[in-house]
Amino acid sequence: MKTVEPAIAEGTALEARPSKGGSPVVQVLRERKSALLGLFIVGFFVLVAVIGPSLAPYSPNVPSGPVYAAPSAHHVLGTDGSGVDVLSEMMYGGRTSLIVGFAAALVAMIVGGGIGVLAGYSGGATDVGLMRMTDYFLVIPDLVLMIVIATVFGPSLSHVILVIGLLLWTTTARIVRSQVKSIRERVYVRRARSLGASHRRIVVQHILPQVAPLLIATTVLTIAYAIFDESALAFLGVGVPGISWGTMLEHAFERTAMTEGAWWAFVPPGLAIGLVVIGCYLMGQAIEDALNPRLRVAHLSIRTWRVRSPQTVTDELAKDEAG
Amino acid sequence: MSLLAVRDLHVWFDLPHGGRLHAVQGITFEVEVGERLGLVGESGCGKTTALLALMGLLPPSAEVEGEVLIDGIEILRGGEDAMRPHRWTDIAMVFQGAMNALNPVKTVGSQIVEPMEFHGTATGAAAKREAGDLLQLVGIPASAADRYPHEFSGGMRQRAAIAMALACEPKVLLADEPTTALDVMVQAQILQLLVSLTHDLGLAVMLVTHDLPLVTQVCERAVVMYAGRTAESAPVDTLFHDPRHPYTRLLFAATPDLTGDSEVVSIPGAPPRLDRPLVGCPFASRCDRTFDRCRVDTPELVMVAARHQAACHLNDAEHAHEMDAATGGGAS
Amino acid sequence: MHRADYVIKRIAFALITVFVAITINFILFRALPGSAVSNFSRAPHASPELRATLTHEFGLDQPLWKQYVLYLDQLIVHRNMGVSFADNQPVTTELAGKLKNTLGMVFVGTLFAIVIGIVTGFVSAWRRSGVVDHVSTNTAIVFYALPTQFIGMMLIFLFAKYLPTAGMRNEVNTFFSGGSTWSSIKDIGLHMMLPAITLALTLFGEYTLVVRSAMLETLGEDYVLTARAKGLPQRRIVVSHALRNAMLPIVTLVALSLGFIVAGAILVEIVFSWPGIGQAVYEAVATRDYPMLQGAFLVLTLSVVFFNFIADLLYFKLDPRITE
């Protein structure tokens, strides 16, 4: 239904900024403040994860101070329930949490993307079959399945990564599949088919590049889920061995940091997880929004259209005459 | 006194990045009882905006000026609150792509009854009956009132939208591209319906479209808009045979003729930007008969014959011969 | 006719999913290597008679496919999920009680979250791009991003002096089964506050964002402009058209998420020692109580299937367009 928006759009068509080139992802990151903020946050933590451990003042495993010492010059973030320096734990733990998050998201991306492309491109029975399988996977509560598998197979870094990744692929698969379906119907793809291009060539040359931005957006969001899940698994005692933000929260709980008043033992890891999740969310959401622009006009709002008052007309005439 | 009179209507839109778009730049026209007036022009010329302004359906970024009179009563000046009571009771609209104008989770009948009950023109069982009658009027069985929009075909939904527009017996009916995306047979039915409505109910109908053959079939008079302004306004036949504005002439020439005699002539170039003040004639950059004055002086809309107005410098006495030469070669 | 078909199809799907869930459950716990898992009768401290009964009931000395059949039989016909390693009590009865506890807390928490979500989402959409919108949306994102257990721990840190943070032990199995005096209800209520609020804080963010999105979508629909054209006042359009249509995605989301919330409540239950299914899973993991773990997993999966099914039905009821 046509309203006035096209008129406005056309009126300013000549003003539309041409894309500065480069992939849509890069473009979004450059143009949207929220995406930049997200990138900055995540980038900061990645930096800490990479460089941090070499700058950590103390060992993350060995006690270096009294139990639950408040933040001080010696221990910037205080010590935890075993007397270990919290700041050092945060640095080493960040590395683990981020590795789990990124790696699991990568697994989800590969599996989900692969299945999504396969289902979307093949159509027919393959598609239906794969989607049914996805439906059943969707129904199983992630966390519980993760717990069960971790319990049965024993905890280790790779197990945790695999478990999280293998449960997060379903959303990615669905999104990729629907995009692949629409791309497949586009003219240039059909043309390539009729010219006899092989399936493999079509997928690699035409479909993958088009799907890539959306896949990236979804994967970024998956990183957020993965980090969240890692902390949940750790809290349940089946997380990664070693130090991570998740295990820090778990230790703090076990040793009742909350009632001891030792907020520094759980607030840093909790906030860190929250910040990384927010950062990923901002980036992923911004890319998604840019890819599916929905010009959502509201037909109702508080303000209404205005009538030009005679006073305005008089004012403008006066301005014209003066200037 | 005409049923609908629009005088010097202006609409500005605030642009998101600053500045304003002057979408409608002072149009004036009148529609009589039982008359069908066409409003034609390219996309973006402001015709839909003008319709929405008449209904008071502009977004908050809009500012208007001018007068809109229905049966002599001015409705625009008072803003949204003053205009609302007149909506649907005095003036109603059928939107472009009206297929989507119906709420999918409510029955068609209930949506026709809704304005009746709100404005108090009918209630309860009487309202339901009237809704059924209206549906029959537009060629849909009355029993269809209990159905949902998705159960109707595109053409039926469009007709239902017309029935809905008539719910409160308005004096003026605005139709924005009522037949786009419908197949030819259905188009013909709907146009026939509009014609009969003006005859039987004495409605004044304004038809906005970019489809010239449609206008020539259905409307008695038409207003040609360009870049937010009136280029020409005259009975439809006159526009076709004796256009007094190069845009009108070229527009009709650009329409593929059914007999296949004329060539398809498209008008090169694009309409001017409306976010900057314009100097001279807005059509100058695309006109085939411009001369120096066109780029400097904005032509006024003047009477060039009985009920025939045009805004072109060629209509000045000294250029009459040029206009005749152009007209002679254009129409077939 | 079409619509009846739809319901039948959804029922069939739900049943199949249940079956698949049960099968996956069996495979995970019995058919996989890791012998400690597969032997139901290996309850520590179990008497020889008990062991023999279990071995017989679940066919633990028979080939795998026979075990599967017996498992199905026991589960569906006898509602027998084996015996907990922890206390030799039937898993079924224990889980039933714990499920009730979880549902109670989840219900209250979700209700808070829905109310907050709908109100803030609606206001955000209405005053789009205003200060209210930004504050509301960003707050939603922040709480959505913070780990559930962290929110719980913060609440304990802040309110431990004012509200009970633990201490509901297994006595609460009698939650909804009558006989509760006023003080008992009050006690339960107080204990439920912090966990329910934690759950609400974790959940509302998503609801706010979805409600806002649904409202914006609806407010931009053509039929809203038509309603405005009819001369209807804004309030009426919002209630009668916009809300009515926005309800569709909102209801679906809420119903769908109920299934997962029950599972996600695990973290909250652990933090506050709330004796529900989540707590049961946690303890089962800690004590390697495999029958309990298996039973809890199945119950949780079934609850997700159940709530998804309800969501399907609700959506079906609200949207007349569904025919397939």
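1. Start with chain C: helix H5 (residues 91–126) and helix H11 (residues 277–287) have axes that come within 7 Å and cross at roughly 130°. Helices here are DSSP runs of H or I with at least four residues, strands are E runs of at least two, both numbered from the N terminus. Axes are lines fitted to C-alpha atoms, for helices over the stretch in contact, with angles from 0 to 180 degrees between N-to-C directions. So H5(C) is oblique to H11(C) (under 35 degrees is roughly parallel, over 145 roughly antiparallel, 65 to 115 roughly perpendicular, the rest oblique).

2. Keep in mind that this is a predicted model: local features need pLDDT of at least 70, side-chain atom pairs count only at pLDDT 80 or more, and totals for chains, interfaces and linings use all residues. Residues are numbered from 1 along each chain as its sequence is written, with chains lettered from A and ligands numbered from 1 in the order in which they are written.

3. Who touches whom? H5(C) brings C:Leu95, C:Lys98, C:Leu99 and C:Thr102, while H11(C) offers C:Ile277, C:Gly278 and C:Ala280 (contact: C-beta atoms, placed from the backbone, within 7 Å).

4. Over in chain B there's an open sheet of eight strands, ordered S6-S7-S8-S3-S9-S10-S12-S11 with mixed pairing (strands pair if DSSP finds at least two bridges between them). Its edge strands are S6 (91–94) and S11 (302–305) of chain B. Twist averages 25° from one strand to the next.

5. Within that sheet, S9(B) (residues 221–226) and S10(B) (residues 229–235) run antiparallel, joined by six bridges. B:Met225 has B:Thr230 in S10(B) as its bridge partner. Helix H9 (residues 246–253) of chain B packs on the sheet, touching S9 and S10, its direction at about 105° to that of S9(B).

Definitions and conventions. Contact = placed C-beta atoms within 7 Å.
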